[in-house]
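Hi everyone, thanks for coming. I'll walk you through a structure that most of you haven't met yet, so let's get it up on the screen.

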Amino acid sequence: MKNNSDLFYTCSLIEFIGREQKLKRSEVVRYMGAGVIGRIYSYADVFHCEPIAKTADDFITDLNIPKGTFDNVAACRYNIPDYWTIGEVYERLIEDVCGDGAENIIDRLTEVYTSWIDDAISDYNTDFYYQSREYIFVCYQEGAVCA
């Protein structure tokens, strides 16, 4: 399973909501829950017809996702990657974790976002998020950024 556009959209929306609400992406995933994330994934082709800001606002409002204080965008001292770029990093990692099968993709998404790697990918002052997908996957498997 490579280049899963529904997964790409789902991850990009999570990133967008995290930036809007100033929450760690793991917190966004917890607020949304597997059911909502599964719905987004299943209907990504429909949701993506609307501007992502509107779709994000609808979910923020409907789920009462609160504002937090995590602002990795403001803390970034360099070029800020856009939410599509970070969505792609998560998409690729989740694809690699799933392997050839897409079964339990929402469970794998939740595992990835709620693991240690959320902090590593969200630190835009490091070069981690733009490393190769293979390197990021190996780090994820090892449980730490590899030297």
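**Starting at the front end**

Asn4 counts as buried, because its relative accessibility is just 10%. Keep in mind as we go that this is a predicted model. Where does Asn4 sit? You'll find Asn4 in the segment before helix H1, which covers 5-21. If we skip its neighbours within four places in sequence, Asn4 is in contact with Tyr41, Glu91, Glu95 and Ile105.

Okay, on to H1 itself, and its packing against helix H2. The two helices pack at an angle of about 145 degrees, and their axes are 10 Å apart. The crossing of H1 and H2 is right-handed. On the H1 side, the residues that meet H2 include Leu7, Thr10, Ile14 and Ile17. Over on H2, Val28, Val29, Met32 and Tyr41 are among the residues that meet H1. What classes of residue make up that contact? We get eleven nonpolar, two polar and four charged residues.

H1 also packs with helix H7, residues 105-113, this time at an angle of about 35 degrees, with the axes 12 Å apart. That crossing is right-handed. Here Leu7, Thr10, Cys11 and Ile14 from H1 meet Ile105, Leu109 and Tyr113 from H7. By class, that contact has six nonpolar residues, one polar and no charged ones.

Now for the inside. In soluble globular proteins, nonpolar side chains tend to be buried together. In our model, the largest nonpolar core has 44 residues. Which residues have the most contacts inside that core? They are Ile17, Met32, Ile94, Leu109, Ile117 and Ile121. Plenty of helices chip in: H1, H2 (25-42), H3 (44-47), H4 (52-63), H6 (83-98), H7, H8 (117-122) and H9 (133-142) each supply at least two residues of this core. Let's zoom in on Met32. Leaving out neighbours within four places in sequence, Met32 is in contact with Ile14, Ile17, Ile37, Ile40, Leu63 and Ile65.

Next, cysteines. How many disulfides does a search of the whole structure find? Zero. Take Cys76: the closest cysteine sulfur belongs to Cys139 and is 20 Å away, so that's too far for a bond. Cys76 is buried, by the way, because its relative accessible area is 12%. Cys139 is in no disulfide either, and the nearest cysteine sulfur to Cys139, in Cys146, is 3.5 Å away. The cut-off for calling a disulfide is sulfur atoms within 2.5 Å, so that pair doesn't make it. Cys139 counts as buried too, because its relative accessibility is 0%.

Last stop, two spots where the chain comes back on itself. Gly143 lies in the segment after H9. Is Gly143 buried or partly exposed? Partly exposed, because its relative accessible area is 39%. Gly143 and Ser115 are 28 residues apart in sequence, and their C-alpha atoms are 8.8 Å apart in space.

The other spot is Asp71, in the loop between H4 and helix H5 (72-75). Asp71 is partly exposed, with a relative accessible area of 27%. Asp71 and Gly18 are 53 residues apart in sequence, yet 8.8 Å apart in space, C-alpha to C-alpha.

That's the tour. Happy to rotate the view for anyone who'd like another look.

Methods: Residues are numbered from 1 along each chain as its sequence is written. This is a predicted model: local features need pLDDT of at least 70, side-chain atom pairs count only at pLDDT 80 or more; totals for chains, interfaces and linings use all residues. Side-chain values use heavy atoms; hydrogens and water are left out. Helices (H or I, at least four residues) and strands (E, at least two) are DSSP runs, numbered from the N terminus. Buried means under 20% relative accessible area, exposed over 50%, partly exposed in between (1.4 Å probe, protein chains only). Contact means heavy atoms within 4.5 Å. Axes are lines fitted to C-alpha atoms, for helices over the stretch in contact, and angles run from 0 to 180 degrees between N-to-C directions. A crossing is left-handed if the near helix is turned anticlockwise from the far one by less than a right angle, and right-handed if clockwise. Ala, Val, Leu, Ile, Met, Phe, Trp, Tyr, Cys and Pro count as nonpolar, Asp, Glu, Lys and Arg as charged, and the others, Gly among them, as polar. A nonpolar core is a set of buried Ala, Val, Leu, Ile, Met, Phe, Trp, Tyr and Cys residues joined through side-chain atoms within 4.5 Å.
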